[in-house]
Amino acid sequence: MGISNIKSLKVLDRWGNLVFQAFGFPPNQENFGWDGKFQNRLFNHQIFLYFVEIELPDGTVKKLSGEVVLVL
């Protein structure tokens with residue numbers, strides 16, 4: 001499954017606070033992703049939730065979500 005565009009990416013902490021969001025960027029571009037920081041401070045090791053909307057080459061939009069562990 002190729003991805004043509006990331007329509008939105010949101011990362012929340014375990015209490016549901018939004019710590020990162022980005023919209024409308026190409027896949028596999030590090031400079032658009034989350035670096036594990038909030039307000040220029042690196043988070044400690046913990047679990048975060050992500051919600052992403054991706055656009056496929058045929059124009060189909062899919063919503064995905066899950067957990068990610070930040071490891072230092």
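### Working through a six-stranded chain

Lys-7 is partly exposed, with a relative accessible area of 35%. Here, buried means under 20% relative accessible area, exposed means over 50%, and partly exposed lies in between, with a 1.4 Å probe and protein chains only. The model is predicted, so local features need pLDDT of at least 70 and side-chain atom pairs count only at pLDDT 80 or more, while totals for chains, interfaces and linings use all residues. Residues are numbered from 1 along each chain as its sequence is written, and side-chain values use heavy atoms, with hydrogens and water left out.

**Exercise A: the whole chain**

Task: Find how many helices and strands the protein chain has, and describe its overall extent and surface.

Solution. Begin with the elements: the protein chain has six strands and zero helices. Helices (H or I, at least four residues) and strands (E, at least two) are DSSP runs, numbered from the N terminus. Read from the N terminus, the order is β-β-β-β-β-β. Next, look at the extent: the C-alpha trace spans about 40 × 20 × 20 Å along its principal axes. Then turn to the surface. The chain has about 5,300 Å² of accessible surface, and 50% of this belongs to carbon and sulfur atoms; such areas come from the Shrake-Rupley method with a 1.4 Å probe, and for residues only the protein chains shown count as cover. Finally, 26% of the 72 residues count as buried.

**Exercise B: the sheet**

Task: Work out in which order the four strands of the open sheet lie, and which strands stand at the edges.

Solution. The order in this open sheet is S2-S1-S5-S6, and the pairing is antiparallel. Strand S2 (18-25) and strand S6 (61-70) each have a single partner strand, so they stand at the edges and one side of each is left without a neighbour in the sheet. From one strand to the next, the twist averages 15°; axes are lines fitted to C-alpha atoms, for helices over the stretch in contact, and angles run from 0 to 180 degrees between N-to-C directions.

Now for what joins the strands. Strands of a sheet pair through backbone hydrogen bonds, either parallel or antiparallel. Two strands count as paired if DSSP finds at least two bridges between them. Going through the pairs:

- S1 and S2 run antiparallel and are joined by six bridges; Ser-8 has Phe-23 as its bridge partner in S2.
- S1 (residues 5-12) and S5 (residues 46-55) are antiparallel, with seven bridges. Lys-10 is matched with Phe-51 of S5, and Ile-6 with Ile-54 of S5.
- S5 and S6 are antiparallel over 10 bridges, with Gln-46 matched to Leu-70 of S6.

One more step concerns S1: six of its eight residues are buried, so S1 is largely enclosed by the rest of the structure.

**Exercise C: back to the lysine**

Task: Which residues does Lys-7 contact, leaving aside its neighbours within four places in sequence?

Solution. Place Lys-7 to begin with: it lies in strand S1. Contact means heavy atoms within 4.5 Å. With those neighbours left aside, Lys-7 touches Ala-22, Phe-23, Gly-24, Glu-53, Glu-55 and Val-61. As for Gly-24, Lys-7 is 17 residues away from it in sequence, while their C-alpha atoms are 4.5 Å apart.

**Exercise D: positive phi angles**

Task: Locate the positive phi values in the two hairpins, then those of Asn-28 and Gln-39.

Solution. Take the hairpins step by step. S1 and S2 have five residues between them, and there Gly-16 has a positive phi near 90°. The hairpin of S5 and S6 also has five residues between its strands, and there Gly-59 has a positive phi near 95°. Next come the residues other than glycine. Asn-28 has a positive phi of about 60°; it sits in the loop between S2 and strand S3 (37-38) and is exposed at 79% relative accessibility. Gln-39 has a positive phi near 55°; it sits in the loop between S3 and strand S4 (41-42) and is exposed at 67%.

**Exercise E: a surface patch**

Task: Which residues form the nonpolar patch on the surface?

Solution. The members are Ile-47, Val-69 and Val-71, with about 270 Å² of accessible area together. Patches are made of residues with over 30% relative accessible area and no salt bridge; like charges are joined within 9 Å and nonpolar side chains (Val, Leu, Ile, Met, Phe, Trp, Tyr) within 5 Å. A salt bridge is a side-chain nitrogen of Lys or Arg within 4 Å of a carboxyl oxygen of Asp or Glu. To finish, Val-71 is in the segment after S6 and is exposed, with a relative accessible area of 60%.
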